[in-house]
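The exercises below ask you to read a model step by step, each with a worked solution. Please keep the structure in view while you work through them.

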Amino acid sequence: MARIDLNNIRHAYMAAPKGDDDFALKRVHHTFDDGGAYALLGPSGCGKTTLLNIMSGLLRPTEGEILFDGRDVTGLSTEERNIAQVFQFPVVYDTMSVRDNLAFPLRNRGVAAGEIERRVNEILEMIGLADRAGQKARGLTADDKQKIALGRGLVRSDVSAILFDEPLTVIDPHMKWVLRSQLKELHRRFAFTMVYVTHDQTEALTFADQVVVMNEGEIVQIGTPEELFERPNHTFVGYFIGSPGMNVIPVRVEGAAAHIGAHRVALPGIAALDGAARTELGVRPEYVRIGAEGIPVRIDRVEDTGRRKIVRAALDGRIIAAVMPEDMTVPAEPHVTFDPAGINLYANSWRVDLAQPGRGAGA
Ligand code: ADP
Ligand code: MG
């Protein structure tokens, strides 16, 4: 397994890129630690596949370099980089049996027959195809073929990294869950460096120790699921992660207070802001309290999800979401307050650190 450094990577699919808009990847500078389980998470078109293909060597970046354990591999092929990659749609040898499809990468590398047998049987069990090992891949469904492709990605234990590009797209929902748990288990056992691309936050948050959130060709935050939830660096992360996403409310900031129209919200610290910044408060629905005190709101809609209620309330002309325990009722004259632990401030969409009063810079 390898540590992978991406140094100032930029990529444009067009011949003579000029402005930032011409780049599918605007600037990526990041290290994937040896043995880490990462997810690349972001909406469709944000550059996930582009970045993965640059790591595997299918694509050469317009600018920047890729290092594996400190060695420059920018000009090397996938094979030379010793990468296993699993794609969104199955790539299998139709005329080979399921077993031979799995054994192929091992035979290619001259692995001993006994070891091949052992590994292949283990993978067959894992992907649930042991009873069809002798069948030709040709007759199988797309779902089963994808399991073979996944198995082929996992069969070798000597790869630098295993890269997955939305590998469970064609797999049925129950099996998705099973395979995802098995991937996690394999990571625990073998400490592979794994990078898993997905646009699905549930998949990313359950699989990865570190989630790399991308938007419009850039990494906007790298963190544990908890960090992304509690301290979104960018309003995009707050909005994209969580269900419902973070409330983002335009505010006017004065010292340790934010003003929403005529209402004042105390901030848990003081922000050093440049007066020109566009400022917003970010509060996750889990930190919005509905009660008899605070800022008056009008209830728009209440969704009962069983375990909790999701309340949509109009605050100063804008709908915000709040989460309430199932057994609580909305008061007749509803008001909201924000739990200070869940208050984040954003300037031009990026999170601002709030200094504790009396403990400012230099103190
Ligand atoms: P994702 O995997 O996150 O959906 P991609 O990396 O596939 O995103 O695409 C990023 C951007 O690059 C998109 O705007 C997409 O249209 C563009 N793009 C992807 N592949 C090509 C290509 N082969 N030629 C030109 N543009 C491409
Ligand atoms: Mg993609």
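**Exercise 1.** Determine which strands each supply at least two residues of the lining of the second largest pocket, and describe that lining by class.

*Solution.* The model is a predicted one, in which local features need pLDDT of at least 70 and side-chain atom pairs count only at pLDDT 80 or more, whereas totals for chains, interfaces and linings use all residues. Residues are numbered from 1 along each chain as its sequence is written, chains are lettered from A and ligands numbered from 1 in the order in which they are written, and side-chain values use heavy atoms, with hydrogens and water left out.

Step 1: β2 (25-32) and β10 (218-223) are the elements sought, where strands are DSSP runs of E with at least two residues and helices are runs of H or I with at least four, numbered from the N terminus. The largest share, four residues, comes from β2.

Step 2: the lining includes Lys26, Arg27, Val28 and His29, together with Glu218, Ile219, Val220, His234 and Trp350. A pocket here is an open set of points on a 1 Å grid over the protein atoms alone, where a 1.4 Å probe fits and protein lies on both sides within 12 Å along at least five of seven lines, and lining residues have an atom within 4 Å of a point.

Step 3: by class, this lining has four nonpolar, three polar and four charged residues; Ala, Val, Leu, Ile, Met, Phe, Trp, Tyr, Cys and Pro count as nonpolar, Asp, Glu, Lys and Arg as charged, and the others, Gly among them, as polar. The space in the second largest pocket is about 180 Å³, a volume being the space filled by probe spheres set on grid points that are joined across faces, edges and corners.

**Exercise 2.** Characterise the largest pocket by its volume, its central residues and the elements that line it.

*Solution.* Step 1: the largest pocket holds about 640 Å³ of space. Its lining has 21 residues, of which Ile83, Ala84, Pro105, Arg152 and Arg156 are the closest to the centre.

Step 2: two or more lining residues come from each of α2 (78-81), β6 (83-86), α3 (98-108) and α5 (142-154), and β6 gives the largest share with four. The lining divides into 12 nonpolar, five polar and four charged residues.

**Exercise 3.** Identify the polar contacts listed here between ligand 1 and Gly45, Lys48 and Thr50, and state how much of the ligand is covered.

*Solution.* Step 1: the residues around ligand 1 include Tyr13, Ala24 and Pro43 as well as Gly45, Lys48 and Thr50, on the criterion that a heavy atom lies within 4 Å of the ligand.

Step 2: for polar contacts with the ligand, the criterion is a pair of N or O atoms within 3.5 Å. An oxygen atom of ligand 1 is 2.6 Å from a polar backbone atom of Gly45, while polar side-chain atoms of Lys48 and Thr50 lie 2.9 Å and 2.5 Å, respectively, from an oxygen atom of the ligand. Of the 560 Å² of accessible area that ligand 1 has on its own, the protein covers 53%, by the Shrake-Rupley method with a 1.4 Å probe.

**Exercise 4.** Locate the cis peptide bond and give the place of Asp69 in the chain.

*Solution.* Step 1: the cis bond joins Ser243 and Pro244, with omega about -5°, and Pro244 lies in the loop between α9 (235-240) and β11 (247-250).

Step 2: Asp69, in the loop between β4 (63-68) and β5 (71-72), has a positive phi near 50°. Most residues other than glycine have a negative phi, and most peptide bonds are trans.

How values were computed:
Polar contact = N/O pair within 3.5 Å; in protein donor to acceptor, adjacent residues only side chain to side chain.
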